[in-house]
Amino acid sequence: MRLSYVSIAAGLALAPALGLMAQDNPTASAADQAVIATAMSAAPKAVAEKATVVAPDGKGGMRTLRQGTGEFTCMPDNPDSPGKDPMCVDKNGMEWAQAWMGHTDPPAGKIGFGYMLQGGSDASNKDPYASKPTEGKPWVDTGPHVMIFNATSMMAGYPSQADNPDTKEPYVMWPGTPYAHLMIPVR
């Protein structure tokens with residue numbers, strides 16, 4: 001779930017197959033069109049086509065590629081991870097993501113929801129800021145899933161082992177941190 005610049009080739013390959021061309025933003029460059037399509041692949045079409053799409057600006061911030069009319073914000077794939085991992089989150093999920101990216105506490109009392117229907121690859125299930133797995137450990141590859149953020153008090157009973165979670169069933173990612181969230185496979 002780390003965010004950096006998108007793999008343009010992957011976006012160009014996915015866009016036509018998913019029917020997600022960003023035709024509502026005719027001023028976007030071809031590269032931005034590909035980023036938009038890749039980001040939109042994270043959520044169901046009805047959510048994605050109304051979502052705002054943002055991408056890293058190269059300076060540690062985000063830039064808006066397409067202003068949406070819905071409640072979700074979609075972000076593109078991270079080319080630094082081995083798998084596809086675009087993400088779409090609701091307003092509360094975006095506040096959670098901004099807190100995570102800014103190393104601040106998530107907003108109190110705001111449960112968020114997110115989609116990662118292309119799946120995800122994370123360097124660690126323990127460290128929210130790991131950029132690569134520790135030596136001898138694999139990437140945590142999760143298939144298509146949804147996420148519930150900022151609901152740590154509601155996660156009791158879900159598996160929360162720090163290393164090597166069973167990604168075929170619901171589990172807690174980054175347990176014991178302010179960024180613990182529930183990962184729920186959908187296939």
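In this predicted model, Lys-91 sits out in the open, with a relative accessible area of 52% that makes it exposed. Its salt-bridge partner is Glu-95, and the closest N and O atoms of the two are 3.8 Å apart. Both residues belong to helix H4, which covers residues 91–102, and they are four residues apart, or about one turn of the helix. Glu-95 is less open to the outside: at 21% relative accessibility, Glu-95 counts as partly exposed, since the buried class stops at under 20%.

Glu-95 has another partner too. Its side chain meets that of Lys-110 in a salt bridge, at 3.0 Å from N to O. This time the link joins distant parts of the chain, because Glu-95 is in helix H4 while Lys-110 is in the loop between H4 and strand E5 (112–116), 15 residues apart. Lys-110 is partly exposed, with a relative accessible area of 29%. Put together, Lys-91, Glu-95 and Lys-110 make up a network of salt bridges.

A search of the whole structure turns up three salt bridges. One of them pairs Arg-63 with Asp-32, with 2.8 Å between the closest N and O atoms. Arg-63 comes from strand E2 (residues 62–66) and Asp-32 from helix H2 (residues 30–40), so this bridge ties together parts that are 31 residues apart in sequence. The two ends have rather unlike surroundings: Arg-63 is partly exposed at a relative accessible area of 30%, whereas Asp-32 is buried at 14%.

Next come the aromatic rings. The whole-structure search finds eight aromatic pairs. In one of them, Trp-96 and Phe-149 have ring centres 4.2 Å apart and planes at 25 degrees, so the pair is stacked. Trp-96 lies in helix H4 and Phe-149 in strand E8, so the rings tie together parts of the chain that are 53 residues apart in sequence. Both Trp-96 and Phe-149 are buried. Tyr-129 and Tyr-179 take up another arrangement, edge-to-face, with 6.0 Å from centre to centre and 85 degrees between the planes. These two tyrosines also link distant parts of the chain: Tyr-129 is in the loop between E6 and E7, Tyr-179 is in the loop between E9 and E10, and 50 residues separate them in sequence.

Tyr-129 is worth a second look. The loop that holds Tyr-129 runs between strand E6 (120–122) and strand E7 (140–142). With 32% relative accessibility, Tyr-129 counts as partly exposed, while Tyr-179, at 6%, counts as buried. Besides pairing their rings, the two have side chains joined by a polar contact of 3.5 Å. Leaving aside residues up to four places away in sequence, Tyr-129 touches Ala-99, Trp-100, His-103 and Tyr-179. The C-alpha atoms of Tyr-129 and Met-101 are separated by 8.8 Å, although their positions lie 28 residues apart along the chain. On a wider view, ring pairs join Trp-96, Trp-100, Tyr-129, Phe-149, Trp-174 and Tyr-179 into a cluster.

Then there is the nonpolar interior. The largest nonpolar core has 19 residues, and Val-53, Cys-88 and Tyr-115 have the most contacts inside it. H2, helix H3 (45–48), strand E1 (52–56) and strand E3 (72–75) each supply at least two residues of this core. H2 gives the largest share, with four residues. Tyr-115 touches quite a list of residues, not counting those up to four places away in sequence; among them are Ala-42, Pro-44, Phe-72, Cys-88, His-145 and Met-147. Apart from this core lies another, of 17 residues, including Val-89, Met-173, Trp-174 and Met-183.

Met-183 leads on to strand E10. This strand, residues 181–185, is mostly covered, as four of its five residues are buried. E10 runs antiparallel to strand E8 (residues 145–149), and five bridges join the two. Met-147 stands opposite Met-183 of E10. Strand E9 (residues 171–173) is also antiparallel to E10, joined to it by three bridges. There, Val-172 has Leu-182 in E10 as its bridge partner.

Key: Residues numbered from 1 in each chain as written. Predicted model: local features only at pLDDT ≥ 70, side-chain atom pairs only at ≥ 80, totals over all residues. Heavy atoms only, no water. Salt bridge = Lys/Arg side-chain N within 4 Å of Asp/Glu carboxyl O. Buried < 20%, exposed > 50% of the residue type's maximum accessible area, 1.4 Å probe, protein only. Pairing = 2+ DSSP bridges. Core = buried A, V, L, I, M, F, W, Y, C linked by side-chain atoms within 4.5 Å. Contact = heavy atoms within 4.5 Å. Polar contact = N/O pair within 3.5 Å; in protein donor to acceptor, adjacent residues only side chain to side chain. Phe/Tyr/Trp six-rings, centres within 6.5 Å; stacked < 30°, edge-to-face > 60°.
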